[in-house]
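Student: Hey, could you walk me through this one? I'd like to start with how it's put together.

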Amino acid sequence: MSLELLTILDKNGKAQKGKDPNLPPEELKKLYRLMVATRALDDRGLALQRQGRIGFYLQSTGQEASHIGAAYAMKASDWLFPAYRQPGILLLRDVPYEKIIAEWFGNSGDTSKGRQMPVHYSFRQANFVSISSPIGTQLTHAAGAGMAAKARGDDTVFMTFCGDGGTSSNDFHSGLNFAAVYKAPVVFICENNGWAISVASKNQTASESMAIKADAYGMPGVRVDGNDILAVYRVCKEAIDRARRGEGPTLVETVTYRIASHSSSDDADRYRDKKEFEAWQKKDPIQRFKTYLKHKKLWNEAFEKECVVGAKEEIMAATKVAEALPPMGPESMFDDVYMNQTPGLKAQRKELHDLMLKGGVGAEIGHFPL
Amino acid sequence: MTATKKKSGADATGTKVMTMLEAINDAMRTEMANDDRVVVFGEDVGKKGGVFGTTAGLHEEFGEARCFDTPLSECGILGAGVGMALYGLRPIAEIQFLDFIYPGFDQIVSEAAKMRYRSGGEYTCPMVIRSPYGGGIRGGHYHSQSSEAYFCHTPGLKVVIPSTPADAKGLLIASIRDEDPVMFLEPKAIYRHAKDEVPLGEHVVELGRARIAREGTDVTILCYGAMVPVCQKAADLAMEEHGRSCEIVDLRTLVPLDEQTILASVKKTGRVVIVYEAPKTGGFGGELSAIIAEKAIEYMEGPIVRVAGFDTPFPYALEHLYMPDPKRVAAGIEKTFVW
């Protein structure tokens, strides 16, 4: 048994007959704008890290279609339990650049109050649940939240992401198993980008695909071209509708490629074949979608400029604002450990406060940005 | 999501003699009737009512949606519990034995405990993780360990251990109502032995307040869980054999810790014995010892003594020698006088 890879856009940017979801022109242009903006945001993030202005960055370059197409199929009231490579969803859900970029600086503009490394966002207003670094923990959360919504009779659907490496985690097994047993309204997206830092996806599993694992859990598994935003959208829309109808979870494997290194701390040239990289560069999701838009006469140079320059300018302006925000106060370290500070924490907070009055505390440790 | 609260169950008045098992069951029944966000789940907790019977009758009374069995995955139980709490339920996740919790350890220490902090307070995880723990039931290595220290070492978690039926009920209700994740560890050795009057209906024991289980003047004994009755017997021995008047402090919650009560007692008696059944090294008793050394050393008239499990894996056949017993605790008490 093998699963077909579902594709809609061919090499020449034409949608295969009968498969085009026929989104309205304005929506198609919106998707293009989001993909371009996401890449511009990524470029900016890496540049700030290289300039030493933020400590770390992690790009999603090449995976814009995979995550934007998936989340675009949701309602705004649906919840996301993301991994760490889906920043385009924040733009899709109207999170301002300034808020996103303040998270990189970890300063007072950061909704997470500087508690996590860059790109570990939390945006409750966007139903975008706090990201953790371990690769699969969010999968069981999505299953549990789905069980809760179902028990309460809500029609919320939950989408959660992991990578190919995440399929090896405890939580992948537990999350898919729980969601399937309780028929929870969850869509599991495995973005198979070929690499888990330096471990190739072929070394991650002996299964012929990630999607085929769904069969063992008693849920549908679908393999889709992750660099084809229309195909990703279509497959995810079906999975979301299915979940909302009470028919249970789906596993979607988006076959894509991590164009950049794992993170700003990694150098993929040390372990990756250049030919593989170059072959995938030719399948760039933004270029493919652009060709499709050209065929539809929805793209021209003026639109391109509006998308690219517009995003860059907004991101530059937002960076300026975000970077200038004051740092978190030292005593904020002791907040949000519990709803109310324990007596022990109050005492430790006072200890730090008193030492700081004397000066010099913390001078030897690397300050932000690193 | 807003809570739909019903006023029932909590209206009952008076007291009833209950075992700790019955008191824990009564606490969950009371809160499930009070708050329809409360759900109980885990392995065998549904129709069977739990391997020890703590959830007996809850499935029947509240239905499958409120009390249900799960697949055998601690990672799944705890991870799903986090998701339920994030979405607005008040999950009570039962882990059949604390010894089985480790496949889900990551979900407790890196997810449930850190959610409030790492999201800047945007997301919270009000969840109770209940689990029977500790030795004394001939359960061998995988049904006897006392691993509370791992959880006390995790900021963001609260750690609660009752020693009486009334406290078990009152502390469990307080834990369910708490806005933060709580490890509620149940000393299974005294699940059935401890029988006491338990208030019916609403009964809340505030977290972070220790209990003076016996007043005394010569030496303070700090203990919790199944060690409290052991220390009571040891205190009797110390009085009979050496005329020592022991004050027993039952900690009730290790996090947050009631330092005030501990230090007041230690300053009064000038001597302290710390009793816990976990392996001695790295155990919570070490923390108590350090607090006393830092904050009350000038009051001490003898060494701070720990009586604990040995630094071995839990021994099946020799558990009667591994667990602190009244004789060993009494010997520890004497060490604070003669050294």
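Tutor: Sure. One thing before we split it up: the domain bounds come from an automatic or database domain assignment. Also, this is a predicted model.

Student: Okay, so which domains is chain A divided into?
Tutor: Chain A has domain 1, covering 5-323, and domain 2, covering 332-370.

Student: And how far apart do the C-alpha centres of domain 1 and domain 2 of chain A lie?
Tutor: Those two centres in chain A are 36 Å apart.

Student: Switching topic: how many residues does each chain put into the contact?
Tutor: Chain B gives 36 residues, and chain A gives 36 residues.

Student: Which elements give two or more residues on chain B's side?
Tutor: They're helix H3 (74-87), helix H4 (105-112) and helix H5 (115-118) of chain B. H3(B) gives the most to that side, with 10 residues.

Student: What kinds of residues are on the side of chain B that touches chain A?
Tutor: That side of chain B splits into 16 nonpolar, 12 polar and eight charged residues.

Student: Now the sheet in chain B. What order do the strands come in?
Tutor: Seven strands make an open sheet, ordered E3-E2-E4-E5-E7-E6-E12, with mixed pairing. At the edges are strand E3 (67-69) and strand E12 (253-255) of chain B, each pairing on one side only. From one strand to the next, the twist averages 20 degrees.

Student: What about E6 and E7 of chain B, parallel or antiparallel?
Tutor: Strand E6 (158-160) and strand E7 (182-187) of chain B pair in the parallel sense, over three bridges. Lys158(B) sits opposite Val182(B) in E7(B).

Technical notes
Residues are numbered from 1 along each chain as its sequence is written. Chains are lettered from A and ligands numbered from 1 in the order in which they are written. This is a predicted model: local features need pLDDT of at least 70, side-chain atom pairs count only at pLDDT 80 or more; totals for chains, interfaces and linings use all residues. Two residues are in contact if their C-beta atoms, placed from the backbone, lie within 7 Å. Helices (H or I, at least four residues) and strands (E, at least two) are DSSP runs, numbered from the N terminus. Ala, Val, Leu, Ile, Met, Phe, Trp, Tyr, Cys and Pro count as nonpolar, Asp, Glu, Lys and Arg as charged, and the others, Gly among them, as polar. Two strands pair if DSSP finds at least two bridges between them. Axes are lines fitted to C-alpha atoms, for helices over the stretch in contact, and angles run from 0 to 180 degrees between N-to-C directions.
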